[in-house]
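Trainee: Could you pick one part of this model and take me through it closely, along with whatever it touches?

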Amino acid sequence: MIQRKQTLYLLLALIITVICLCLPVATLVPQGMGVDMPMYNLWVVDANGGHQFSVWVLFAILLVTCPLALMAIFLFKNRKAQIKLCVVNILFMLCWYSVYAFHAINLGDKLHASFQMEFAAGLPFFALIFYFLALRGVRADEALIKSMDRIR
């Protein structure tokens, strides 16, 4: 199971996703005077230290991809299911970026602040790359198995 390269790719994508869940993905810098407001995947910390849960969708998307990646790792004998799970995770990562862009546009206007990306906002892109590499590896294994069946 762990010897296959796609398992390592899936594990790296899972680790990167969990790290992204814990780190701030953006900072909202108010125009004029004010305190910078960090935006996590689950909430935005406002100037008073309270939490605004308007960005919870980002957290939900990443939270759904974690068990799917674990399932893909442990379904190493069922390559077709692994392929489907990799494709679903790729779609979820693309969806995360579309929701992130939506919040970047709307929160900046709503809170009268400029939107600055943080390092963690790029982590889902690396997870997307690892899911794509895992998908290619699983497809290569599937093609190898089909070619071996033709030889028999």
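Mentor: The protein chain has four helices and five strands; here helices (H or I, at least four residues) and strands (E, at least two) are DSSP runs, numbered from the N terminus. In sequence order their pattern reads α-β-β-β-β-α-α-β-α. This is a predicted model, so local features need pLDDT of at least 70 and side-chain atom pairs count only at pLDDT 80 or more, while totals for chains, interfaces and linings use all residues. Residues are numbered from 1 along each chain as its sequence is written, and side-chain values use heavy atoms, with hydrogens and water left out.

Before zooming in, take a look at the overall form. The C-alpha trace spans about 75 × 20 × 20 Å along its principal axes. The radius of gyration, taken over C-alpha atoms, is compared with a globule rule of 2.2 Å times the number of residues to the power 0.38. A compact globule of 152 residues would come out near 15 Å, but this chain has 19 Å. Of the 152 residues, 39% count as buried, where buried means under 20% relative accessible area, exposed over 50%, and partly exposed in between (1.4 Å probe, protein chains only).

Now for our chosen part, helix α1, which covers residues 5-22. The expected span of a helix is 1.5 Å times one less than its number of residues. For the 18 residues of α1 that gives 26 Å, and the end C-alpha atoms are indeed 26 Å apart, which agrees.

Which residues of α1 are buried? They are Gln6, Thr7, Leu10, Ala13, Leu14, Ile16, Thr17, Cys20 and Leu21. As you look for a pattern in those numbers, keep in mind that an α-helix has 3.6 residues a turn, so residues three or four places apart point the same way.

Other residues join a surface patch. Leu11, Ile15, Ile19, Leu23 and Phe119 make a nonpolar patch of about 450 Å². Patches are made of residues with over 30% relative accessible area and no salt bridge; like charges are joined within 9 Å, and nonpolar side chains (Val, Leu, Ile, Met, Phe, Trp, Tyr) within 5 Å. The areas come from the Shrake-Rupley method with a 1.4 Å probe, and for residues only the protein chains shown count as cover. One member of the patch, isoleucine 19, lies in α1 and is partly exposed because its relative accessible area is 40%.

Next, let's follow the contacts. The structure holds seven aromatic pairs. Rings of Phe, Tyr and Trp (its six-membered ring) pair if their centres lie within 6.5 Å; planes under 30 degrees apart count as stacked, over 60 as edge-to-face and the rest as tilted. Tyrosine 9 and phenylalanine 130 have ring centres 6.1 Å apart and planes at 20°, so this pair is stacked. With tyrosine 9 in α1 and phenylalanine 130 in helix α4, the pair links distant parts of the chain, 121 residues apart. Tyrosine 9 counts as partly exposed because its relative accessibility is 23%.

Just before α1 there is another link to α4. Side chains of opposite charge can pair when their charged atoms come close. A salt bridge here is a side-chain nitrogen of Lys or Arg within 4 Å of a carboxyl oxygen of Asp or Glu, and by this rule there are two salt bridges. In one of them, aspartate 141 and arginine 4 meet at 3.1 Å, N to O. Aspartate 141 lies in α4 and arginine 4 in the segment before α1, so the pair ties together parts that are 137 residues apart in sequence. Arginine 4 counts as buried because its relative accessibility is 18%, whereas aspartate 141, at 23%, counts as partly exposed.

Finally, two residues of α1 have neighbours in loops. Cysteine 20 and glycine 122 are 102 residues apart in sequence and 8.7 Å apart in space, C-alpha to C-alpha. Glycine 122 sits in the loop between β5 (113-117) and α4 (123-151), and it is partly exposed, with a relative accessible area of 23%. Leucine 21 and tyrosine 40 are 19 residues apart in sequence, with 7.6 Å between their C-alpha atoms. Tyrosine 40 belongs to the loop between β2 (37-39) and β3 (44-45) and counts as partly exposed at 25% relative accessibility.
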